[in-house]
Amino acid sequence: MTSPKLYVNKNKERFLSELFTFLKIPSISADKACKNDLLNAANFVKEALLKAGCSAAEICETPGNPIVYAEKFLDKKAPTVLVYGHYDVQPADPINLWHVPPFEPVIKKTEIHPDGAIFARGACDDKGQVYMHIKALEYMTATNNVTCNLKFMIEGEEEVGSPSLEWYVKRNQQKLANDVILISDTGMISNQQPSVTTGLRGLSYLEVEVTGPNRDLHSGLYGGAVANPINILTKMIASLHDEANHITIPGFYDHVKIYSEAERAEMAKAPFSLEDYKKALNIADVYGEAGYTTNERSTIRPTLDVNGIWGGYMGEGAKTVIASKAYAKISMRLVSGQDEVAISKLFDKHFKKIAPKSVKVKTTYLHGGLAYETPTDSIGYQAAAKALQESFGVPSIPQYSGGSIPIVALFEQELKSKSILMGFGLDSDAIHSPNEHFGVFNFLKGIETIPLFYKYYAQLFKENKA
Ligand code: BES
Ligand code: MN
Ligand code: MN
């Protein structure tokens, strides 16, 4: 029998060149001008799934970008695994900070990836990781090693909050029925320390608009006598954290899950160097909520961050003006226990309350989702742990992540199944940033590990039934 490792080794050049074709499609879901590229990317995924062994694949129209659905049926007794991923990517800007054009993939060595990394927007998030699944399927089909019934659902709106996926999942519960959901859209601790993501944070994303006078004013004639919306907005934002960097919105922490000292000690066992962390980001010190470690701050604690702020004169030189309006985009990362709708309401109420009478405040909810935690005693988790141990040669560990995949909580609600987050990226892979990349090692290891997940999952499923 050809092992996944051997198969991957024999075919790696082709795998990489196929992935490059996928990465060349600028499927930016936030950019309306890319509509056609999103369709092309969906088509690419559909064709690739068919070629790799799916018996059926379709492009499902939605109110937004299409969802690719495909399946390969084995037999009634085998468990069914639903693979979820996304073919859309983040915008590439700021483009001038890329060392290579974002949609012309190249392989370059880095300190962390001595075997080379694929540089391109979407290399790690999530095209590279979706393509690992497609090539793992190719291996299983070619070598007659399919052990589970397989369903694939690859969407094109994850980076804009998955507005159509909810619509689709609610209408297709039967079709999507599964025993477990497998997702590679997260990271692991390092190439020497594989991990399975057991927690994702939730999200509430809002835009705020502060309006002062009905028109832009001469800052000499009116300055000092009229509220400047930019001054006011920044003052309001500054008041949202106290001295200890706790969030000041009343009720914000009311339902936040508290982890026991024992759980926190367990989490602290994961390898982490604060020195390396600071060095990698070129910062003299970290910053965050008092009483928590860096890892805790970025995974099990909720946050509030301004993601963008604008208003007034931003052109060249000086213009003496008091703008009529100021804006900010604000994201709150949420943890278990917090409801994104309730938190958005608390924010809205508080923000309006702290605004002086001299301005009007409008908040618009953009998108969000609940946090997610997956148990480590499920057979899905155990299958992932066994697969990683076999392919990396060391035991994996569970890891909370700070990122969000809001749709995962919805899967649990609508499809009643757990998601296993077996991702192969690294935090240093610069997803969403200029120079996003994905290790060649990670890409190939992913292809090697996924068939092992299915193998162990089918085994454990059978044992569990007996
Ligand atoms: N794949 C990421 C989420 C992620 C990355 C989770 C690494 C854990 C580790 C996903 O594509 C993403 O970027 N999600 C967004 C939320 C979405 C609603 C725009 C996020 O976390 O900001
Ligand atoms: Mn992603
Ligand atoms: Mn992303």
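Let me start at the metal site, where the manganese ion (ligand 3) has six donor atoms with angles of 56 to 155° among them, which makes the site irregular. Please keep in mind throughout that this is a predicted model.

As for what holds this ion, the manganese ion (ligand 3) is coordinated by donors that include an OD atom of Asp125, OE atoms of Glu159 and the NE2 atom of His432, at 2.1 to 2.5 Å. Along the sequence, the donor residues of this manganese ion (ligand 3) follow the spacing D-x33-E-x272-H. There is also a neighbour to mention, since the manganese ion (ligand 2) is 3.6 Å from the manganese ion (ligand 3), and Asp125 coordinates both of them.

Where, then, do Asp125 and Glu159 lie in the chain? Asp125 is in the loop between β5 (117–119) and α3 (127–142), while Glu159 is in the loop between β6 (149–155) and α4 (163–171), so this pair ties together parts that are 34 residues apart in sequence.

Are these two residues buried or exposed? Asp125 has a relative accessibility of 7% and therefore counts as buried, and Glu159, with a relative accessible area of 13%, is buried too, because the cut-off for buried is under 20%.

Turning to another part of the chain, Glu243 sits in the loop between α5 (229–238) and α6 (261–267). With a relative accessible area of 84%, Glu243 is exposed, because that label applies over 50%. Finally, Glu243 and His437 are separated by 194 residues in sequence, and in space their C-alpha atoms are 37 Å apart.

How values were computed
Residues numbered from 1 in each chain as written. Chains lettered and ligands numbered in written order. Predicted model: local features only at pLDDT ≥ 70, side-chain atom pairs only at ≥ 80, totals over all residues. Heavy atoms only, no water. Helix = DSSP H or I, 4+ residues; strand = E, 2+ residues; numbered from the N terminus. Buried < 20%, exposed > 50% of the residue type's maximum accessible area, 1.4 Å probe, protein only. Donors = N, O, S within 2.8 Å, 3.2 Å for Na, K, Ca; no water. Tetrahedral: all angles 85-135°; square planar, octahedral: opposite > 155°, others 65-115°.
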